[in-house]
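Let's take a look around this structure together. The tour follows the ligand and the pockets.

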Amino acid sequence: MTHLVLSSTTATAADGDALVIGLHSVDGVATAVDAAHADLAAALGAAGATGNLGETTVIPAPTGYAVASVAGAGLGAPADLTAERVRKAAGSASRYLAGRTHVVSTLGAIDLGAAAEGHLLGAYVFTAYKEPSKAPVEQVTLLVADADDATAASALRHAVVAGEAVALARDLINTAPNDLPPAVFADRASAAAAEAGLAVEVLDEKDLAAGGYGGILGVGGGSSRPPRLVRISYAPAGATKSVALIGKGITFDSGGLSIKPAAGMENMTSDMSGAAAVVATVIAAAALKLDIAVTATVPLAENLVSGTSYRPGDVLRHFGGKTVHVLNTDAEGRLVLADAIVRAAQDDPDYLIETSTLTGAAVVALGNRTMGVMGTESFRDRVAEIARETGDGGWAMPMPEELREGLDSSLADIANVSNDRAGGMLVAAHYLAEFVPEGLPWVHLDVAGPAYNTKKAFGYTGVGGTGVPVRTILATLEELAAQ
Ligand code: BES
Ligand code: MN
Ligand code: ZN
């Protein structure tokens with residue numbers, strides 16, 4: 001990962017390949033955020049900079065500067081400035097400056113944490129299968145008034161932990177599905193957790209059978225690469241609150257016998273984004289030494305087509321005993337999640353946070369940059385707000401009571417899909433709710449849209465795995481820990 005450094009040298013004395021300065025757009029004219037950079041803004045404006053959000057413009061540095069180039073990072077209108085805009089501008093600058101080794105950034109003077117996070121996330125590249133055409137920036141030096149200030153150091157540390165967590169989630173998501181069957185995901189998650197000093201438990205297919213995890217086994221039955229259930233626990237001494245995290249880990253979703261169309265099926269490599277997010281987040285919680293216990297429960301299975309696949313019409317028995325009539329094998333996420341939710345609830349947590357690429361309906365409703373947030377009302381509303389603050393993007397969604405009866409089954413306790421397509425994202429939330437203990441504050445984050453970027457890079461988000469909702473869950477844990 002890109003190395004972040006604090007320095008209190010001046011913009012003129014700082015040495016590096018490029019100096020990043022913030023530009024506002026004022027009546028269409030690029031205007032320096034820091035009045036001391038007015039000369040640079042004028043030169044950047046002459047080179048075409050407007051100060052619009054996300055725009056990066058590079059010119060040779062004028063005499064008097066130690067750096068080779070100056071990059072103007074557009075932040076938009078001064079009145080619209082937010083932490084997220086600083087993250088986006090820093091992220092765009094990091095992406096645009098790839099190929100340069102050492103970047104010096106003044107964006108930290110606006111918001112150090114946001115600038116650091118944006119620079120880090122924007123510099124991320126996935127290199128397992130090919131070398132990037134331009135190497136990511138190796139070091140970003142953030143200019144601050146006092147490089148020894150404790151608040152600055154802690155903002156930087158937070159950005160590094162969040163950046164590492166997002167990078168871990170992105171790496172797992174970007175790994176091709178042939179290289180990431182359930183057992184390999186489990187090994188990689190275990191290794192990362194062990195390195196962080198966390199306790200890990202992995203149930204293999206025999207353990208799952210012995211324990212009665214019928215949902216996970218049913219979904220995973222069509223693959224020669226058997227399912228797993230991974231549990232990672234961070235339990236700091238003296239913590240008085242605990243949170244259960246649960247993430248959907250379908251390492252590839254073909255739909256099973258209710259097979260998906262060919263177009264876009266390759267994107268179902270990302271159907272373990274929820275699992276990747278909660279593994280990364282429990283590790284980040286430990287790195288930040290949060291005063292709250294966190295356990296991630298991750299059901300892993302590959303939803304494939306074969307002679308051993310589960311069928312439409314099958315009845316499965318979930319962990320805990322509830323039976324489900326499978327009417328569509330492509331509604332597999334809720335089946336593995338129900339087992340995991342019941343297992344996680346046995347620990348008697350104070351909060352439950354579940355995340356999954358659960359429904360195409362979430363993408364239809366909210367697009368590709370907003371997660372759907374469902375669950376108990378006040379916790380749901382707060383988490384949706386946090387999702388917007390972090391830049392992950394989220395909106396609270398209702399669970400209209402009348403949608404529940406679509407899941408009624410005459411053969412089993414519940415059906416896995418409704419007889420009515422209306423409100424598919426909300427129906428899926430009803431399915432999960434059936435397995436959450438009464439009275440437990442919980443949220444379901446449907447990240448089917450924002451977890452995986454199949455379009456162009458933007459801000460600090462590249463193509464592929466995005467790491468959504470790592471920062472939302474981490475910020476939620478921090479808030480609960482501080483309460
Ligand atoms: N993994 C998919 C949901 C998905 C769709 C994620 C698009 C990301 C992008 C999920 O397992 C699925 O197939 N859901 C079905 C549910 C339906 C059968 C009720 C869907 O959305 O079509
Ligand atoms: Mn599916
Ligand atoms: Zn799926």
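## Where the ligand sits

Start with the largest pocket, since that's where you'll find ligand 1. Keep in mind that this is a predicted model. The space in this largest pocket comes to about 1100 Å³.

Which residues come nearest to ligand 1? Look for Lys260, Asp271, Asp330, Glu332 and Gly360, out of 15 residues around the ligand. Sort that shell by class and you get seven charged residues, four polar ones and four nonpolar ones.

## Contacts with nitrogen

Now zoom in on the atoms. Asp271 has a polar side-chain atom 2.9 Å from a nitrogen atom of ligand 1. The backbone joins in at Thr357, where an N or O atom lies 3.3 Å from a nitrogen atom of the ligand. At Leu358, a backbone N or O atom is 3.4 Å from a nitrogen atom of ligand 1.

How much of ligand 1 does the protein bury? On its own, the ligand exposes 520 Å², and the protein buries 74% of that.

## The walls of the largest pocket

Step back and you'll see 36 residues lining the largest pocket. Nearest its centre are Lys260, Asp330, Thr359, Gly360 and Ala361. Lys260, Asp330 and Gly360 should ring a bell: they're also among the residues that come nearest to ligand 1.

Two helices each supply at least two residues of this lining: H10, which spans 360-366, and H12, which spans 424-433. H10 gives the largest share, with four residues. By class, the lining of the largest pocket holds 14 nonpolar, twelve polar and ten charged residues.

## The second largest pocket

There's another pocket to visit. The second largest one has a volume of about 700 Å³. It is lined by 28 residues, and the closest to its centre are Tyr124, Val125, Phe126, Pro132 and Val463.

Which helices each supply at least two residues of the lining here? They are H2 (83-96), H3 (112-123) and H4 (150-174). As for the make-up of this lining, 16 residues are nonpolar, seven are polar and five are charged.

Key: Residues numbered from 1 in each chain as written. Chains lettered and ligands numbered in written order. Predicted model: local features only at pLDDT ≥ 70, side-chain atom pairs only at ≥ 80, totals over all residues. Heavy atoms only, no water. Near = heavy atom within 4 Å. Polar contact = N/O pair within 3.5 Å; in protein donor to acceptor, adjacent residues only side chain to side chain. Areas by Shrake-Rupley, 256 points an atom, 1.4 Å probe, with all protein chains shown as cover. 1 Å grid on protein atoms, 1.4 Å probe; cavity = no way out; pocket = protein on both sides within 12 Å on 5 of 7 lines; lining within 4 Å. Sits in = over half its atoms within 2 Å of the grid points. Nonpolar A, V, L, I, M, F, W, Y, C, P; charged D, E, K, R; others polar. Points joined across faces, edges and corners; volume = space filled by probe spheres on them.
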